Amino acid sequence: MLILRPPSPPLSGASRPRLLPRTRLAPLLIVSSSSPSSSKSRRTEDDYHAILKALNSNGRRVPRKSLGQHYMLNSSVNEELVNVAGVNDGDLVLEIGPGTGSLTNVLIKAGASVIAIEKDPHMVVLVKERFGSTDQLMVLQEDFTKCHIRSQLSSFMESKNSTGHELKRAKVVANIPFNISTDVVKQLLPMGDIISDVVLLLQDEAALRLTDVSLRKTEHRPVNIFVNFYSDPEYKFKVERSNFFPQPNVDAAVVRFKLKLISDYPPVISTKSFFSMVNSAFNGKRKMLRRSLQHICPALEIEAALMNVGLPTTSRPEELTLDDFVKLHNEIEKV
Ligand SMILES: C[S@@+](CC[C@H](N)C(=O)[O-])C[C@H]1O[C@@H](n2cnc3c(N)ncnc32)[C@H](O)[C@@H]1O
């Protein structure tokens, strides 16, 4: 276990900025041994004081719950996110929800070109003011769940390529609002042709669920098949709730998804019908596949297909690995 020291303490009452209430900071942030960074505590410009000052500047308001605005108070966590993604000079990074720009700052310092997508117009102004003079940042005021991220990224990459730069695949590094986690994962993971790594700060429970590969659990869901089809996920470390302002009701965790190249996807005859079969398989809890897949072909044919791929005819969806689903799908499609 690697233990990071806590961030700098909150200010005393007298010098604290107006508007926003005081928060308690994490006693310790515990980071798993797989985390690559140093254990040194660094007091940087994005501590408690700086975040509150930024939020209070120009009469800005309290964080909006509906936008999942829980700002990171601990710069070490931002540095860890950047380390986990292996961001290097010249990388192109997509950041979702830059907020006050604390993570953006670390990304820019690492030499990345950053495309930041922010829904809140106040935060867009704030982050543009903060990094006004750099050509390493492009801020788009958009709702990530509604924007065409592939075309945004592709056109940025093309413009860089036309200037003679050789660009690798992009990376995504973000402390996202917990309520759009599923959207983010569903949109980004199938983009392995232009994105290599997706490193996200997620709600701890979601992080555990998305990276869990164990079978026979009620948590084993179509989303696990989806995640493992398109990526190699890894739970990196837990981030306690007291590292955020305002403090959420749950802890968070950093997850890295290493995206597969298209040539490394499991060989299914049709991706669309594969995921349609997986979704049907999990419809109707505890049902055997020979019943839940009956709308695709007769039960006897499902049983034959299960036997042909070496599975019991009584199999239930939570007992199948990704590989089993791939084999079963291809067997059924052959019929
Ligand atoms: C959890 S805060 C993180 C802020 C900052 N990155 C940090 O670490 O302190 C989430 C940010 O995402 C923004 N946001 C919320 N919903 C969004 C959406 N649908 N699209 C883009 N940004 C969004 C919020 O306004 C907020 O700035």
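**Figure 1. Gly 111, just after helix 3, adopts a positive phi of about 95°.** The view is taken from a predicted model, and helix 3 spans residues 102-109. Within helix 3, the buried residues are Ser 102, Leu 103, Thr 104, Asn 105, Val 106 and Leu 107. Because six of its eight residues are buried, helix 3 is largely enclosed by the rest of the structure.

**Figure 2. Helix 2 crosses helix 3 with the two axes coming within 9 Å.** Helix 2 comprises residues 75-85, and its axis meets that of helix 3 at a crossing angle of roughly 50°. The angle makes helix 2 oblique to helix 3. The handedness of this crossing is right-handed. From helix 2, the contact involves Ser 75, Asn 78, Glu 79, Leu 81 and Val 82, which meet Ser 102, Leu 103, Val 106 and Leu 107 of helix 3. By class, the residues of this contact comprise five nonpolar, three polar and one charged. The helix 3 residues named in the contact, Ser 102, Leu 103, Val 106 and Leu 107, are also among the buried residues of that helix.

**Figure 3. A shell of 24 residues surrounds the ligand.** The closest of them are Met 72, Gly 97, Gly 99, Phe 144 and Asn 175. Three secondary-structure elements each supply at least two residues of the shell: strand 3 (71-72), helix 3 (102-109) and strand 5 (113-118). The shell contains eleven nonpolar, nine polar and four charged residues. Helix 3 therefore contributes to the surroundings of the ligand while being largely enclosed by the rest of the structure, as six of its eight residues are buried.

**Figure 4. Gly 68 lies in the loop between helix 1 (48-56) and strand 3.** Gly 68 has 19 other C-beta atoms within 10 Å and is therefore partly exposed; a residue needs 20 or more to be buried. Leaving aside residues up to four places away in sequence, Gly 68 touches Pro 177, Phe 178 and Asn 179. Pro 248 is 180 residues from Gly 68 in sequence, yet the C-alpha atoms of the two are 9.0 Å apart in space.

**Figure 5. The peptide bond from Phe 245 to Pro 246 is cis.** Its omega is near -10°. Pro 246 belongs to the loop that lies between strand 10 (244-245) and strand 11 (252-259).

**Figure 6. Ala 206 is located in helix 7, which covers residues 204-211.** Ala 206 counts as partly exposed because it has 19 C-beta neighbours inside 10 Å. Val 255 is 49 residues from Ala 206 along the chain, and their C-alpha atoms are separated by 9.8 Å.

**Figure 7. Helix 8 packs against helix 9 with the axes 9 Å apart.** Helix 8 consists of residues 222-230 and helix 9 of residues 271-282, and the angle between them is about 150°. Helix 8 is therefore roughly antiparallel to helix 9, since angles over 145 degrees fall in that class. Pro 222, Ile 225 and Phe 226 of helix 8 meet Phe 275, Val 278, Asn 279 and Phe 282 of helix 9. The contact of helix 8 with helix 9 has six nonpolar residues, one polar residue and no charged residue.

**Figure 8. Helix 11 and helix 12 pack at an angle of about 130°.** Helix 11 runs over residues 299-308 and helix 12 over residues 322-334, and their axes are 9 Å apart. At this angle, helix 11 is oblique to helix 12. The crossing of helix 11 past helix 12 is right-handed. Ala 305, Leu 306 and Asn 308 of helix 11 form the contact with Leu 328, Glu 331 and Ile 332 of helix 12. These residues divide by class into four nonpolar, one polar and one charged.

**Figure 9. The protein chain contains twelve helices and eleven strands.** This overview places the preceding close-ups in context. The protein chain has 335 residues, and buried residues make up 40% of them. Considering contacts between residues at least 6 apart in sequence, 68% join residues at least 24 apart.

Terms used:
Residues are numbered from 1 along each chain as its sequence is written. This is a predicted model: local features need pLDDT of at least 70, side-chain atom pairs count only at pLDDT 80 or more; totals for chains, interfaces and linings use all residues. A residue is near a molecule or strand if its C-beta atom, placed from the backbone, lies within 6 Å of it. Helices (H or I, at least four residues) and strands (E, at least two) are DSSP runs, numbered from the N terminus. Ala, Val, Leu, Ile, Met, Phe, Trp, Tyr, Cys and Pro count as nonpolar, Asp, Glu, Lys and Arg as charged, and the others, Gly among them, as polar. A residue is buried if 20 or more other C-beta atoms lie within 10 Å of its own, exposed if 12 or fewer, and partly exposed in between; C-beta atoms are placed from the backbone. Two residues are in contact if their C-beta atoms, placed from the backbone, lie within 7 Å. Axes are lines fitted to C-alpha atoms, for helices over the stretch in contact, and angles run from 0 to 180 degrees between N-to-C directions. Angles under 35 degrees count as roughly parallel, over 145 as roughly antiparallel, 65 to 115 as roughly perpendicular and the rest as oblique. A crossing is left-handed if the near helix is turned anticlockwise from the far one by less than a right angle, and right-handed if clockwise.
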